[in-house]
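Trainee: Please choose one part of this model and take me through it closely. I would like to see how a single residue leads to the helix around it and then to the neighbours of that helix.

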Amino acid sequence: MTDQALNVLKYPIGPFDCPTLISASTIEAWISILEHFPNRLEQLVSHLTDKQLDTAYRPDGWTVRQVVHHVADSHHHSYIRFKWAMTEDNPLIKAYDENTWAAQHDYNQPIAISLLHIKAVHAKLVYYLKGLSIEQLQRTFIHPESQETVGLNKNVGIYAWHSNHHYAHIEALVKREGWA
């Protein structure tokens, strides 16, 4: 497989491209993605067999099962990061090694619990985000790996992108394998 073909499998919707000016309508669109993602994901994966769930979406990539569990963990972290930034002044957030987490035994369990977790976390996150003003969304946190100061407005976009990114991983696999 060529590097270009592998890159398409890694980033089926491309990397996150944050607009320079994040408008209220952009925030609303991103929140809408977060609001509808749990049901979209459940519809995409609910009919898959265990064998299909244990298929990697790309060479040396995670399985569909691992992707679902990763989304649950990642978006849980994101929710906490929003709360930290709203309750502390530019906090240094906690990062985690996603691959080490994906190698843990709980990533082999059925996906039903993580689908419920995603629904719950997204319901809480969407409610919380809808209650924040544009000014509050200017608050920031520091990511320890990049040392980047991240605005909450940008973080909304990152997780809307992250939702669509992993959805596209699974959707492309389902289409390639003819599972739909």
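**A histidine and its helix**

Mentor: H169 lies in helix α7, where helices (H or I, at least four residues) and strands (E, at least two) are DSSP runs numbered from the N terminus. Before we go further, please keep in mind that this is a predicted model, in which local features need pLDDT of at least 70, side-chain atom pairs count only at pLDDT 80 or more, and totals for chains, interfaces and linings use all residues. Residues are numbered from 1 along each chain as its sequence is written, and side-chain values use heavy atoms, with hydrogens and water left out.

With a relative accessibility of 1%, H169 counts as buried (under 20% relative accessible area, with exposed over 50% and partly exposed in between, using a 1.4 Å probe and protein chains only). Its side chain reaches the backbone oxygen of K10 at 2.8 Å, and the side chains of H169 and H166 are joined by a polar contact of 3.1 Å. Such a contact is a pair of N or O atoms within 3.5 Å; within protein, one must be able to donate a hydrogen and the other to accept it, and residues adjacent in sequence count only if both atoms are side-chain atoms. If we leave aside neighbours within four places in sequence, H169 is in contact (heavy atoms within 4.5 Å) with L9, K10, Y11, P12 and Y57.

From H169 we can widen the view to the helix that holds it. The axes of α7 (residues 152-177) and α2 (residues 24-45) come within 9 Å and cross at roughly 25 degrees; these axes are lines fitted to C-alpha atoms, for helices over the stretch in contact, and angles run from 0 to 180 degrees between N-to-C directions. The two helices are therefore roughly parallel to each other (angles under 35 degrees; over 145 is roughly antiparallel, 65 to 115 roughly perpendicular and the rest oblique). Their crossing is left-handed, meaning that the near helix is turned anticlockwise from the far one by less than a right angle, whereas clockwise would be right-handed. Among the residues that meet here are W30, F37 and L41 in α2 and Y159, A160 and Y167 in α7. The residues of this contact divide into 15 nonpolar, four polar and two charged, where Ala, Val, Leu, Ile, Met, Phe, Trp, Tyr, Cys and Pro count as nonpolar, Asp, Glu, Lys and Arg as charged, and the others, Gly among them, as polar.

Helix α4 (residues 64-87) is another partner of α7, and their axes come within 11 Å and cross at roughly 175 degrees. That angle makes α4 roughly antiparallel to α7. Residues of α4 including H70, S74, H75 and F82 take part in the contact, and on the α7 side H162 and H166 are among those involved. By class, this contact has 12 nonpolar, eight polar and one charged residues. H166 thus appears both in the contact with α4 and in the polar contact with H169.

Finally, α2 has a further neighbour in α6 (residues 112-130), since the axes of α2 and α6 come within 8 Å and cross at roughly 170 degrees, which makes them roughly antiparallel. Here too α2 passes in a left-handed crossing, with I31, L34 and F37 among the α2 residues that meet α6, and L115, I118 and H122 among their counterparts.
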